Amino acid sequence: MAALSIISVLSKFVGKYPTDWQKHLRGISERGYNMIHFTPLQGRGHSNSPYSIADQLGWDPECFPGGEKDIAKLVDVMEKEHGLLGLTDVVWNHRSEERR
């Protein structure tokens, strides 16, 4: 029977893509998960909470210094190298007090 086995990941604790992410993706896949739920991947505000977003249209520069290119590569690597699907929260109504 096919089923989703999902693990949630706080992306701000994974590190920079791609170097820090590879070992986590491999470990998640090896443990039998087939989908990763990411907390929001946008740039965070002063509180550093992934649910207090400063830049809703940009990717978190601390995790993804290459922006959109890093995200596209992440999705490709997850699928092709690790057999993983991805899901992320989108929280348009959560804004930090500073806006970029």
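Below, a biologist questions a modeller about a predicted model.

Biologist: How is the protein built, from the N terminus on?

Modeller: The elements run β-α-β-β-β-α-β. That makes 2 helices and 5 strands.

Biologist: What makes the radius of gyration agree with a compact globule?

Modeller: With 100 residues, a compact globule would have a value near 13 Å. The protein has 14 Å, so the two agree. The C-alpha atoms fill a box of roughly 45 × 25 × 20 Å along the principal axes.

Biologist: How much of the protein is buried?

Modeller: Buried residues make up 41% of the 100 residues. The protein exposes about 6,000 Å², and carbon and sulfur atoms supply 55% of that area.

Biologist: What share of the contacts joins residues at least 24 apart in sequence?

Modeller: Among contacts between residues at least 6 apart, the share is 71%.

Biologist: Which residues touch the most other members of the largest nonpolar core?

Modeller: Trp 21, Ile 36 and Phe 64 do, in a core of 17 residues. The elements that give two or more residues to this core are strand S1 (6-9), helix H1 (19-30), strand S2 (35-38) and helix H2 (68-82). H2 gives the most, with 4 residues. As a general point, nonpolar side chains tend to be buried together in soluble globular proteins.

Biologist: Why is Phe 64 called buried?

Modeller: Its relative accessible area is 1%. Buried means under 20%, so the term applies. Phe 64 is placed in the loop between strand S4 (53-59) and H2.

Biologist: What does Phe 64 touch, not counting residues up to four places away in sequence?

Modeller: Phe 64 touches Tyr 17, Trp 21, Leu 41, Trp 59, Asp 70, Ile 71 and Leu 74. In space, its C-alpha is 6.1 Å from that of Lys 16, although the two residues are 48 apart in sequence.

Biologist: Which residues are in contact with Trp 21, leaving aside its neighbours within four places in sequence?

Modeller: Ser 11, Val 14, Gly 15, Lys 16, Phe 38, Cys 63, Phe 64 and Leu 74 are.

Biologist: Take Cys 63 from that list. How do you know that Cys 63 is buried?

Modeller: The relative accessible area of Cys 63 is 2%. The cut-off for buried is under 20%, so Cys 63 qualifies. Cys 63 sits in the loop between S4 and H2. Beyond four places in sequence, Cys 63 touches Ser 11, Lys 12, Gly 15, Lys 16, Tyr 17 and Trp 21. Its C-alpha is 16 Å from that of Ile 36, which is 27 residues away along the chain.

Biologist: And Ser 11? Why is Ser 11 called buried?

Modeller: Ser 11 has a relative accessible area of 2%. That is under 20%, so buried is the right word. Ser 11 is found in the loop between S1 and H1. Among residues more than four places away, Ser 11 touches Trp 21, Thr 39, Pro 40, Leu 41 and Cys 63.

Biologist: What kind of peptide bond joins Tyr 17 and Pro 18?

Modeller: A cis bond, with omega of about 5 degrees. Pro 18 lies in the loop between S1 and H1. Most peptide bonds are trans.

Biologist: What is the phi of Asn 48?

Modeller: Phi is about 65 degrees, a positive value, although Asn 48 is not a glycine. Most residues other than glycine have a negative phi. Asn 48 is in the loop between strand S3 (42-44) and S4.

Biologist: Why is Asn 48 called partly exposed?

Modeller: Its relative accessible area is 33%. Partly exposed lies between the 20% and 50% limits, so the term fits.

Biologist: What makes Leu 87 partly exposed?

Modeller: The relative accessible area of Leu 87 is 42%. Exposed would need over 50% and buried under 20%, so Leu 87 falls in between. Leu 87 is found in strand S5 (residues 85-88). Not counting residues up to four places away, Leu 87 touches Met 35, Ile 36, His 37 and Phe 38. Leu 87 and Ile 6 are 81 residues apart in sequence, and 9.4 Å separates their C-alpha atoms.

Biologist: How far apart are the mean positions of the positive and negative charges?

Modeller: They are 2 Å apart, for 12 positive and 13 negative charges.

Definitions and conventions: Residues are numbered from 1 along each chain as its sequence is written. This is a predicted model: local features need pLDDT of at least 70, side-chain atom pairs count only at pLDDT 80 or more; totals for chains, interfaces and linings use all residues. Side-chain values use heavy atoms; hydrogens and water are left out. A nonpolar core is a set of buried Ala, Val, Leu, Ile, Met, Phe, Trp, Tyr and Cys residues joined through side-chain atoms within 4.5 Å. Buried means under 20% relative accessible area, exposed over 50%, partly exposed in between (1.4 Å probe, protein chains only). Contact means heavy atoms within 4.5 Å. The radius of gyration is taken over C-alpha atoms; the globule rule is 2.2 Å times the number of residues to the power 0.38. Accessible areas come from the Shrake-Rupley method with a 1.4 Å probe; for residues, only the protein chains shown count as cover. Lys and Arg count as positive and Asp and Glu as negative; His and the chain ends are not counted. The place of a charge is taken as NZ of Lys, CZ of Arg, CG of Asp or CD of Glu.
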